Amino acid sequence: MAPGYNNMDNGAPYSSSQWLEKQESGSRKSKWIVIGALVGLVALIAAGVAIGITVSKHHTTSSTSTKSGSGSANADNGASGAVNQTNPNDPSSFVADPNLKHSFYGLAYTPAGSQLPDCGNSLDAVIEDIQLISQLTSRIRLYGADCNQSALVLEAIQQTKVNMTVYLGNYNVPNDGGVAYTRQRDTIEDAIKTYGVDHVAGVTVGNEYMLNYLDANNGGDQPNGPIGDAGAALLIPNITDTRNMLASLNLPKTVPVGTADAGSFFNNLMSNVHPWFANVSIDQAADWTAEFFQGNNVVVAQGLPNQPQMFIAETGWPSESSDVSNESNGPSTASVPNLQTFLDTFVCQANQNGTGYFYFEFFDEEWKDQQFGGVEGWWGLFNANKTLKALTLPDCHID
């Protein structure tokens with residue numbers, strides 16, 4: 001693939017290693033280009049904590065200059081009427097929307113209203129989400145298990161009778177004595193006991209766990225140091241415990257267990273590759289994503305003893321920013337036309353190349369905009385009210 005370029009450097013080639021060396025400090029939670037791992041415990045321990053790739057940080061600066069969102073009306077927690085069912089009592093009778101194309105390998109997804117303490121999700125809303133998502137992909141990835149989202153998603157898959165597998169998630173944190181981990185482990189266990197694992201592709205324990213631990217403990221971007229080791233010593237027992245929990249259920253198949261995090265920490269990897277946060281122009285975004293993934297993940301994995309299959313766990317482009325100061329990453333802006341360009345240049349190309357990826361994301365998440373501002377809440381293909389943005393989706397069917 002063609003190398004990525006940084007238009008801020010007068011068009012000079014912008015290599016992955018150069019980008020990885022860039023640092024930006026900020027007041028809000030650091031945003032790294034993330035290399036997550038879906039790993040077995042043996043692989044995790046064998047790899048130690050890190051392979052030692054420096055990571056890049058991105059932040060959203062605060063600004064008093066704001067603009068109103070262009071697309072996302074406040075969606076309620078029930079179904080929005082975005083899907084038509086021929087039988088109102090049978091969710092599997094939904095009518096396909098000709099504007100939707102089953103062209104995505106996978107999608108990142110969190111049901112609306114799935115953040116504590118104000119759980120506001122509902123089965124009706126998740127059923128409608130799955131009806132829409134199933135017209136785009138056969139694979140989704142969750143990030144946490146609070147607010148019963150594991151069971152809601154598996155129930156929705158069962159009722160809609162769609163071809164769908166899901167990576168369940170446990171969003172554990174390092175500073176609560178294991179409370180969040182245990183709570184979500186138990187809900188995941190209950191969901192699997194109820195629904196089995198026919199539609200479960202794996203379980204991730206932790207999302208940016210090590211990133212957050214390093215940030216909170218002044219560990220910088222050095223996961224190989226003693227602070228990184230201390231964080232891993234907290235994370236590994238959670239992964240071990242989840243594997244033991246699954247083993248105790250005597251499941252008919254092995255369910256992979258691992259984590260999703262920042263930096264090339266482990267030797268089975270998923271990689272969140274975001275050209276926006278790398279300050280790459282939209283014209284080079286798709287090629288840069290492929291080049292970064294190939295050079296920093298696929299090639300590295302091929303040199304490891306277990307040669308794991310690599311996946312892009314997140315990639316996408318924001319459609320807007322809530323404040324003017326963050327509407328540009330330097331060479332390009334957050335906009336629906338640029339989102340269209342990324343879809344046009346990335347999706348079918350990745351499918352043709354056999355790249356596994358989870359597009360980020362299904363719909364805009366309003367809580368992220370409220371908490372973080374900037375582009376954080378504007379990555380969806382759909383608005384928060386489940387209307388498709390002014391997009392033409394790629395038409396290159398993938399199973």
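A salt bridge here is a side-chain nitrogen of Lys or Arg within 4 Å of a carboxyl oxygen of Asp or Glu. With that in hand, let us walk through some views of this predicted model.

**Figure 1. The whole chain, with its ten helices and eleven strands**. Start with the overall picture before moving in. The chain has 399 residues, and 56% of them count as buried. About 15,600 Å² of the chain is exposed, and carbon and sulfur atoms supply 48% of that area. Now think about which parts of the sequence meet. Among the contacts in the chain with a separation of 6 or more, 80% are between residues 24 or more positions apart. The whole structure also holds ten salt bridges, and a few of them appear in the later views.

**Figure 2. Strand β7 and its surroundings**. Strand β7 covers residues 200-207. How many of its eight residues are buried? Seven of them are, so the strand is largely enclosed by the rest of the structure. To follow this, recall that a residue counts as buried when its relative accessible area is under 20%.

**Figure 3. The strands that pair with β7**. One partner is strand β6, residues 165-170, which pairs with β7 in the parallel sense over five bridges. To find one of these places, look for Gly169, whose bridge partner in β7 is Thr204. Another partner is strand β8, residues 257-260, and here too the pairing with β7 is parallel, over three bridges. Look for Asn207 in this pairing: Ala260 of β8 stands opposite.

**Figure 4. A right-handed β-α-β unit**. Trace the chain from β6 through helix α5 to β7. Helix α5 spans residues 179-195, and together the three elements make a right-handed β-α-β unit.

**Figure 5. A salt bridge within helix α5, between Glu189 and Lys193**. The side chains of these two residues meet with N and O 3.3 Å apart. Where do Glu189 and Lys193 lie? Both are in helix α5, four residues apart, which is about one turn of the helix. Is each partner buried or exposed? Glu189, at 17% relative accessibility, counts as buried, whereas Lys193, at 54%, counts as exposed.

**Figure 6. The salt bridge between Arg185 and Asp186**. Here the closest N and O atoms are 2.9 Å apart. Asp186 is partly exposed, with a relative accessible area of 31%.

**Figure 7. Lys368 and its salt bridge with Glu361**. Lys368 sits in helix α10, residues 366-372. Its side chain meets that of Glu361 in a salt bridge, with an N to O distance of 3.9 Å. Are the two partners buried or exposed? Lys368 counts as buried at 14% relative accessibility, and Glu361 is buried too, with a relative accessible area of 1%. Elsewhere, salt bridges that share partners join Glu128, Asp129 and Lys386 into one network.

**Figure 8. The residues that Lys368 touches**. Which residues does Lys368 touch, not counting those up to four places away in sequence? They are Phe360, Glu361, Gly373, Glu376 and Gly377. Glu361 is a name to recognise, as this residue is the salt-bridge partner of Lys368.

Definitions and conventions: Residues are numbered from 1 along each chain as its sequence is written. This is a predicted model: local features need pLDDT of at least 70, side-chain atom pairs count only at pLDDT 80 or more; totals for chains, interfaces and linings use all residues. Side-chain values use heavy atoms; hydrogens and water are left out. Buried means under 20% relative accessible area, exposed over 50%, partly exposed in between (1.4 Å probe, protein chains only). Helices (H or I, at least four residues) and strands (E, at least two) are DSSP runs, numbered from the N terminus. Two strands pair if DSSP finds at least two bridges between them. A crossover is right-handed if, with the strands pointing away from the viewer, the path from the first strand over the helix to the second runs clockwise. Contact means heavy atoms within 4.5 Å. Accessible areas come from the Shrake-Rupley method with a 1.4 Å probe; for residues, only the protein chains shown count as cover.
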